[in-house]
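Reader: Before I rely on the terms used for this structure, I should like each one set against its definition.

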Amino acid sequence: MAGMAPESGTGGGGKAGLGYRKLIGPLLVPTWVMIGIFLVLPVMLMAVYSFLTKEFRGGVVWDFTLAAYDQFFLNRGLFGDEPPVIEWTYITIFWRSIWQAAVATLICLAVGFPTAWFIATRPPKSRAIWLFLITVPYWVNLLIRTVSLKFLIRDNGPLNESLMAIGLISDPLPLVNTNLAVQLGLFYSYLPFMVLPIYAAVERYNFALSEAAADLYASRWVTLREIVLPVVKPGIIAGCILVFVPSLGAFLAPDLLGGAKTFMIGSLIDEQFRGSQGNWPFGAAAAMILMTLVLIVLMVYARAQNKAEAR
Amino acid sequence: MSTAIEIRSAVKRYGTTTALHSISLEIADNEFFTLLGPSGCGKTTLLRCIAGFEDLNEGEIRLFGRDIARLDPNHRPVNTVFQQYALFPHMTVLENVAFGLKMKGMGLADRTARAGKMLEMVHLSAFANRMPAQLSGGQQQRVALARALAPEPKVLLLDEPLSALDLKLRQAMRVELKTLQEQSGITFVFVTHDQEEALTMSDRIAVMSQGRVQQVGSARDIYEAPVNRFVADFIGETNLLEVTVDTVSGAVAKVTLPGGQKITCPAAQGVMPGKHHLSIRPERISLAAEGELEAVVERIVYLGTDLQILTHLTTGEAFHVRMQNLARIALPAPGDRVALQIEEGAARLLAD
């Protein structure tokens, strides 16, 4: 089947094109199987588990109940017999997670956009080298990288030591166990997910458009705002989604770099499936709520996008 | 007539290669001026230097007397029609045309009205709310033209604007562009590698090669009085013969042809006695009983309206003749010996 490049739009045409189209079905079977086993099935299991009853030492009893969701949203007092009021504990954790993920996404965007722009405007040969360098840190396991980051920023780590050595500060900056540390960790973990889609968009960007804008009296700043950003917007949105979504559910960075005050959804869910302290239905329910939240955000975005395109 | 653009000793270098070797040109107001040359001759570089996308290393570019060579493109009162149009893909046709007006600070109502008028002029009013991707190449080209003309520039720069269109459309657009230029009174600086395009539209043409202007003149000047071999060969077809120049007096020279015949012909400036090249256009030669050159017919090529007769001179040089395909002409056969008569004044002595 060599030489049958997947042509989009006008179609391959001729016999080769028709044969190709017939092959699409069978070729997609592995993909569907993978999605079925590793995505649809686990999500369904999760949905079912969130409605089951908690077993004392982890695990579940097959009694259907809304208890997990009730526990998430409502507080009925220590013995469960008081009139229900809204339970803020978990909503606060969710809100904090969204906030942390949003800040991490913004930092990634602020650093990632210039980086992607820089790489995309290099000559083709050095572009490959830069892209390669971006991926180098990812050869090391995320856990190890996160722990290393903690060593770097702890009170007697190289960052504080060197800042104190040059006399900029007299006491170590309290970095570990702060929101900043968590955001730094998330930023460090997910930056390439911002850089790569923006790079792809900028690389396709036709720089004659910037020349045309300048020719029509637009300053550099106006050109960036009116022409460049709208044209590469799909790449920026993709990057933001790719950073925001995993940041929201991340548990390594918050666990290792944060403290009790920076507790995030990922850690909350993670805790529910550990040892005898766990609560599987509650963990499953939190995961379902998180997923629903992400889906709503994505759907609202997709709708806005469709409306803009239909204009 | 006043001068719209004056370029003085413009030099542009990229690293060690020189794209423009000290170019000096004057382009008059209301003129349709064409930069013509093969790819890599520097014509697009020169245009981009006028627009401000490239900076000159040396020299001046004056626009109605004011040196603009160091200004950013957004501060130069010229507009450009780009080769691949460079329409803003996220804006409607109307928004594209109105963009320059918006940047100049014109209010929404005014610029919409003006952009609408521009679209009317290029017959695209019905497409105002389409996106550029929904238009054909020819339509996009006209949007690009309307967009560049909307801010009423004093000078319009056109970078091979017709090269992406098919032949029929290209021919129609030539006439439209020329009419538009005459009606608007705007100076057009037009870049092309297509000599036919240049000859049909331009008031004057600058023929460029290897970063230098070879000749500036009207279509008739550069076709009938080329100064050197490059211009003679690049514009139209020609026969180049090496001849011996006996004497030169003013613009007329006496030369000895390869067969030994002596003729008098117009000469380009700077011709000295010695070896030089003579340019003879193939359509200005006729087959006759007697002529200045003797040749053997090799092949006759049928071109419809014309016939091309490929021959070898008896002294060995390849030589071709073009004649109208008229019924009454008796044609020679391959292998026949023929005499070639050069029309009075048709042979021109070149400087190099």
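Author: The following exchange takes up chain B, its helices and its contact with chain A.
This is a predicted model, in which local features need pLDDT of at least 70, side-chain atom pairs count only at pLDDT 80 or more, and totals for chains, interfaces and linings use all residues. Residues are numbered from 1 along each chain as its sequence is written, and chains are lettered from A and ligands numbered from 1 in the order in which they are written.

Reader: What makes a residue of chain B count as buried?
Author: A residue is buried if 20 or more other C-beta atoms, placed from the backbone, lie within 10 Å of its own (exposed if 12 or fewer, partly exposed in between). Of the 352 residues of chain B, 41% count as buried.

Reader: How many helices and strands does chain B have?
Author: Chain B has eight helices and 20 strands; these are DSSP runs numbered from the N terminus, helices (H or I) of at least four residues and strands (E) of at least two.

Reader: Why is H2(B) called roughly parallel to H4(B)?
Author: The axes of H2(B) and helix H4 (residues 137-149) of chain B come within 7 Å and cross at roughly 30 degrees. Angles under 35 degrees count as roughly parallel, over 145 as roughly antiparallel, 65 to 115 as roughly perpendicular and the rest as oblique; therefore H2(B) is roughly parallel to H4(B). Axes are lines fitted to C-alpha atoms, for helices over the stretch in contact, with angles from 0 to 180 degrees between N-to-C directions.

Reader: Which residues bring H2(B) and H4(B) together?
Author: Val93(B), Asn96(B), Val97(B), Phe99(B) and Gly100(B) in H2(B) meet Val143(B), Ala146(B) and Arg147(B) in H4(B), a contact being C-beta atoms, placed from the backbone, within 7 Å. These residues divide into five nonpolar, two polar and one charged. Ala, Val, Leu, Ile, Met, Phe, Trp, Tyr, Cys and Pro count as nonpolar, Asp, Glu, Lys and Arg as charged, and the others, Gly among them, as polar.

Reader: What does Val97(B) touch beyond four places away in sequence?
Author: Among its partners are Ala115(B), Met118(B), Leu119(B) and Ala150(B).

Reader: How many residues join chain B to chain A?
Author: On chain B, 18 residues are in contact with 15 residues of chain A. H2(B) gives the most to that side of chain B, with three residues. The side divides into 10 nonpolar, six polar and two charged residues.

Methods: Contact = placed C-beta atoms within 7 Å.
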